[in-house]
Amino acid sequence: MFNKLQYISQGETIEKQLHNIHQALDAGCDWIQMRFKNQPFENRLILAEAVKILCEEYKSNFIINDDVLLAQKMGADGVHLGLTDMSIPEARAILGDRKIIGATANTFEDVVFQSKNGCDYIGLGPFQFTETKEKLSPVLGNDGYVSILNKMKTENITTPIYAIGGITLENIESLIKTGIHGIAVSGIITKSPEKEKLVQQLYDKLYANVII
Ligand SMILES: Cc1ncc(COP(=O)(O)OP(=O)(O)O)c(N)n1
Ligand SMILES: Cc1nc(C(=O)O)sc1CCOP(=O)(O)O
Ligand SMILES: [Mg+2]
């Protein structure tokens, strides 16, 4: 089963991205999504090559946002695809069954659609407003997760759900109670002056009731 914490990268330049990813790895994150929007292929390729080496060094999972062909070229661990990106079946045909394919959802109907398409996990959000992503879907709040996760239980849909969008340490306990598997975060880790402490606090809350 997947780790409960995914770090999504940010930064306007290759150098800033790499710096933020390196710091997240140093802080203990072991699942990185490289998200470098509105960049020419050449820049994404340069960054992906560097991140691949770093993630191997730290024995961390490395997935790429949006770009299935770049993920294939890099031999990355997988991709994350939104509702307007390449379809999950098309990505699966390219990457095969052994790669991670994450999908985005904002409604229960999206969850049904993405699960039927065979994604490995779903990023369900946004939980609340965030500056990290433009053109956000409607915010769900805690009640949105309660409603969608309850419907999933009724319909026996077991795809792991990651809450995403403006999540802070304070939100985790109530989100975990809704039945989510984990969280995907960017801003709180990137902006934290005490990343190692924060990542440990996130793990403590995410794994509080997990018997190993
Ligand atoms: C874990 C996770 N969940 C959702 C998203 C959003 O993906 P998408 O809707 O394709 O938007 P962009 O990230 O591409 O702007 C995500 N990246 N990761
Ligand atoms: C990349 C992304 N996708 C979202 C969605 O709702 O689909 S919210 C989001 C941003 C996540 O970063 P932060 O933790 O800084 O809010
Ligand atoms: Mg996308």
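**Stop 1: the nonpolar core**

Start inside this predicted model by selecting L5, L124, Y145, I183 and I189. Of the 59 residues in the largest nonpolar core, these five touch the most other members. Now color helix α2, residues 41–57: α2 supplies the largest share of this core, six residues.

Which residues does I189 touch, once residues up to four places away in sequence are set aside? Show the side chains of L5, Y7, A24, C29, K195, L198, V199 and L202, and you have the set of contacts.

Before you move on, select W31, I100, Y121 and Y162. They are among the members of a second, separate core, which has five residues.

**Stop 2: two cysteines**

C29 was on the contact list of I189, so to speak, and deserves its own click. Select C55 along with C29: the sulfur of C55 is 10 Å from the closest cysteine sulfur, in C29, and that is too far for a bond. A disulfide would need the two sulfur atoms within 2.5 Å. How many disulfides does the structure hold? The count is zero.

Are these cysteines buried or exposed? C29 is buried, with a relative accessible area of 2%, and C55 is buried, with a relative accessible area of 2%.

**Stop 3: the magnesium ion**

Next, select ligand 3, the magnesium ion. Which residues coordinate the ion? Show D66 and D85: each offers an OD atom, at 2.0 to 2.2 Å. D66 sits in the loop between β3 and α3, and D85 in the loop between β4 (78–81) and α4, so the pair ties together parts of the chain that are 19 residues apart in sequence.

Both residues fall into the middle class of accessibility. D66 is partly exposed at 26% relative accessibility, while D85 is partly exposed with a relative accessible area of 27%.

Stay on D66 a moment and look at its backbone. D66 has a positive phi of about 75 degrees, although it is not a glycine.

**Stop 4: salt bridges**

How many salt bridges are there? The count is seven, and three of them are on this tour.

- Keep D66 selected and add K37. These two form a salt bridge, with their closest N and O atoms 2.5 Å apart. D66 is in the loop between β3 (61–65) and α3 (68–74), K37 is in the loop between β2 (31–34) and α2, and the two are 29 residues apart. K37 counts as partly exposed, because its relative accessibility is 38%.
- Move along to R44 and D67, whose side chains meet in a salt bridge at 2.6 Å, N to O. R44 belongs to helix α2 and D67 to the loop between β3 and α3, so this pair ties together parts 23 residues apart in sequence. Both R44 and D67 are buried.
- Finish with D120 and R92, where the closest N and O atoms of the salt bridge are 3.0 Å apart. D120 is in the loop between α5 (108–116) and β6 (121–124), and R92 is in helix α4 (residues 88–95), so the pair ties together parts that are 28 residues apart in sequence. Compare the two ends: D120 is partly exposed at 24% relative accessibility, whereas R92 is buried at 14%.

**Stop 5: a loop with backbone surprises**

Now highlight the loop between β6 and α6, where P126 lies. What kind of peptide bond joins G125 and P126? It is a cis peptide bond, with omega at about 10 degrees.

Further along, select K135, which lies in the loop between β6 and α6. K135 is not a glycine, yet its phi is positive, at about 50 degrees. K135 counts as exposed, because its relative accessibility is 83%.

**Stop 6: stepping back**

Select T154, in helix α6 (residues 141–154). T154 is exposed at 64% relative accessibility. Measure from its C-alpha atom to that of Q10: the two atoms are separated by 36 Å, and the residues are 144 apart along the chain.

For the last view, select residues 13–186. In an unreviewed entry, UniProt lists this span as "domain: Thiamine phosphate synthase/TenI". The span is 43% helix and 18% strand, and its end C-alpha atoms lie 16 Å apart.

Key. Residues numbered from 1 in each chain as written. Chains lettered and ligands numbered in written order. Predicted model: local features only at pLDDT ≥ 70, side-chain atom pairs only at ≥ 80, totals over all residues. Heavy atoms only, no water. Salt bridge = Lys/Arg side-chain N within 4 Å of Asp/Glu carboxyl O. Helix = DSSP H or I, 4+ residues; strand = E, 2+ residues; numbered from the N terminus. Buried < 20%, exposed > 50% of the residue type's maximum accessible area, 1.4 Å probe, protein only. Donors = N, O, S within 2.8 Å, 3.2 Å for Na, K, Ca; no water. UniProt positions renumbered as here; feature names shortened; annotations may be inferred. Core = buried A, V, L, I, M, F, W, Y, C linked by side-chain atoms within 4.5 Å. Contact = heavy atoms within 4.5 Å.
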